Every structure is written in structure tokens, then in C-alpha cells.
Amino acid sequence: MKKSILFSVVFLLMGFLAQAQVSLGIKGGMSSSNIDIKDPQGSFQKFKEGGDIKGYHAGIFVRANVLGFMLQPEVLLSKSGGEIKYDDTQQGTIVEKLGFTHLDVPLLVGYKLAFFRAYGGPVASVLLDGDIGDDKIDQYLENSEWGYQVGGGIDISRFTADVRYESLKRSYNDANAGSADIKNNQVIVSLGYKLFGK
């Protein structure tokens, strides 16, 4: 259901943008992300949040000026996550990496002044893969979620640079091991290039 709503919104938005003067570009970059475990149940109660991990993203963006505002939908393949740790009676504190591979569709609205931009909006995220260390866990994670992004950027000729913050929550539910809400936070830095348009 969530996937069908997501794709309906994207198609309607693309149809609207087809009637406006738009630019199309490619982008990619790096991120620093961590997780925050909320309402842990069962075996998830032993986990504590650890440090950040490095991630990446790559994809395309469309930008249009509508009534003085900037409208920018994107489609991005992203890797994010964070460290979790727990105490073991024999080995002491063990640190594992919790990783997500996901397809993100931010729908950003903002304002541009000269070559500076500021924006924010919702992001729909479809999970492609999830793991803790060497163990796959995507079957226990909600496969689509909503979050938000806020940030800013600059444009120089056809080049773009952005810094933004993203936060979204993924629900984990294993009938045998337990459940938790996993909040994934990212600081994202990206560079882009406009293939056509201004």
C-alpha cells in the first residue's frame, strides 16, 4: 500500500513538472549516519547505540521554479545505518554495524536567492537490504517508511553542492527475537551536475 502511494505521488509530480521549465541533473556523495533505538522489546533490549558509519548515495534530481518557490524531487540509491553495541560475558563489549540499503525519494520545497538554496520536505524510503554484521535482517524490517530532510546548497554554473540532514524511522519486528523502532539519522553531503536546464 505504501509503495503504491509513493509511486502515485511520484508519477503525478512528474506529470506536473512536465508542464514547467525544469532542469535535470545527476548527483552523488557521502553521508555520516547513526541510529537511535526506541521502545526495544525482547533481545533488542540488550543493544545500545554506538558510533556513526559512513554511507553513500547516487541518483538523479529534477528542479523547477513554481510561483517563486523551488520544487525538487529526487530518486537516490542510498546506504546508511549506524553502530550498535552490547555486553558479552566472555568477550566484553561487542560492536556491530547495522546497515540499510534503500531507495529514497525526497520531495523538497525551498527558496533560491542568487546561487544559495534552502529547502525541506518529506522523503519516502523503500528498503532494499538490511543487515547486522553478517546477518540479513531485511525480512524483519518495514519495507517502506517516511521521514524528512532539511538543508541548503549552492549552484555555480551547472554544478551544485548540498548539505542536508535526514531522519526516518524503521520498524523492526521479529516474533522470536523482539521488536524496536530504529531511528536512522544522516548528515548528507553531495555534489551534482545539471545535464540540462538552468
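1. The second largest pocket of this predicted model is lined by Gln21, Val22, Ser23, Arg63, Ala64, Asn65, Lys112 and Lys198, and its volume comes to about 160 Å³. Two elements, β1 and β3 (53–66), each give two or more residues to this lining, with β3 contributing the most, namely three residues. By class, the lining of the second largest pocket consists of two nonpolar, three polar and three charged residues.

2. The largest pocket encloses about 210 Å³ of space and has a lining of 13 residues, among which Phe47, Ile132, Asp135, Ile137 and Tyr172 lie nearest its centre. The lining of the largest pocket divides into eight nonpolar residues, one polar residue and four charged residues.

3. The largest nonpolar core comprises 16 residues, and those with the most contacts inside it are Ile35, Ile37, Phe44, Leu98, Phe100, Leu141 and Ile182. Two or more residues of this core come from each of β1 (22–42), β4 (69–88), β5 (92–113), β6 (116–132) and β10 (178–196), and the largest share, three residues, is that of β5. When neighbours within four places in sequence are left aside, isoleucine 182 is in contact with Ile35, Asp36, Phe44, Leu98, Phe100, Leu141, Leu168, Lys169, Arg170 and Tyr172.

4. Strand β6 deserves a separate comment. Of its 17 residues 12 are buried, so β6 is largely enclosed by the rest of the structure. It runs antiparallel to β5, to which it is joined by 14 bridges, and glycine 110 has tyrosine 119 of β6 as its bridge partner. Strand β6 is also antiparallel to strand β8 (residues 144–156), with 11 bridges joining them, and here valine 126 has serine 144 of β8 as its bridge partner. With strand β7 (residues 135–136), β6 pairs in the antiparallel sense over two bridges, where the partner of aspartate 131 is lysine 136 in β7.

5. The hairpins that involve β6 can be checked at their turns. In the hairpin of β5 and β6, two residues lie between the strands, and alanine 114 takes a positive phi near 60 degrees. In the hairpin of β6 and β7, there are likewise two residues between the strands, and glycine 133 takes a positive phi near 60 degrees.

6. Positive phi values outside glycine merit a reviewer's attention, because most residues other than glycine have a negative phi. Alanine 114, with phi near 60 degrees, is a residue of this kind; it lies in the loop between β5 and β6, and because its relative accessibility is 61%, alanine 114 counts as exposed. Aspartate 39 also has a positive phi, near 50 degrees, but aspartate 39 lies in strand β1. With a relative accessibility of 54%, which is over the 50% cut-off, aspartate 39 counts as exposed.

7. Glycine 192 is placed in strand β10, and because its relative accessibility is 7%, glycine 192 counts as buried. Although glycine 192 and phenylalanine 159 are 33 residues apart in sequence, their C-alpha atoms are 5.7 Å apart in space. Leaving aside neighbours within four places in sequence, glycine 192 is in contact with Ile26, Lys27, Arg158, Phe159 and Thr160.

Terms used:
Residues are numbered from 1 along each chain as its sequence is written. This is a predicted model: local features need pLDDT of at least 70, side-chain atom pairs count only at pLDDT 80 or more; totals for chains, interfaces and linings use all residues. Side-chain values use heavy atoms; hydrogens and water are left out. A nonpolar core is a set of buried Ala, Val, Leu, Ile, Met, Phe, Trp, Tyr and Cys residues joined through side-chain atoms within 4.5 Å. Buried means under 20% relative accessible area, exposed over 50%, partly exposed in between (1.4 Å probe, protein chains only). Helices (H or I, at least four residues) and strands (E, at least two) are DSSP runs, numbered from the N terminus. Contact means heavy atoms within 4.5 Å. Two strands pair if DSSP finds at least two bridges between them. On a 1 Å grid over the protein atoms alone, a cavity is a set of points where a 1.4 Å probe fits but cannot get out, and a pocket is an open set with protein on both sides within 12 Å along at least five of seven lines; lining residues have an atom within 4 Å of a point. Grid points are joined across faces, edges and corners, and a volume is the space filled by probe spheres set on the points. Ala, Val, Leu, Ile, Met, Phe, Trp, Tyr, Cys and Pro count as nonpolar, Asp, Glu, Lys and Arg as charged, and the others, Gly among them, as polar.
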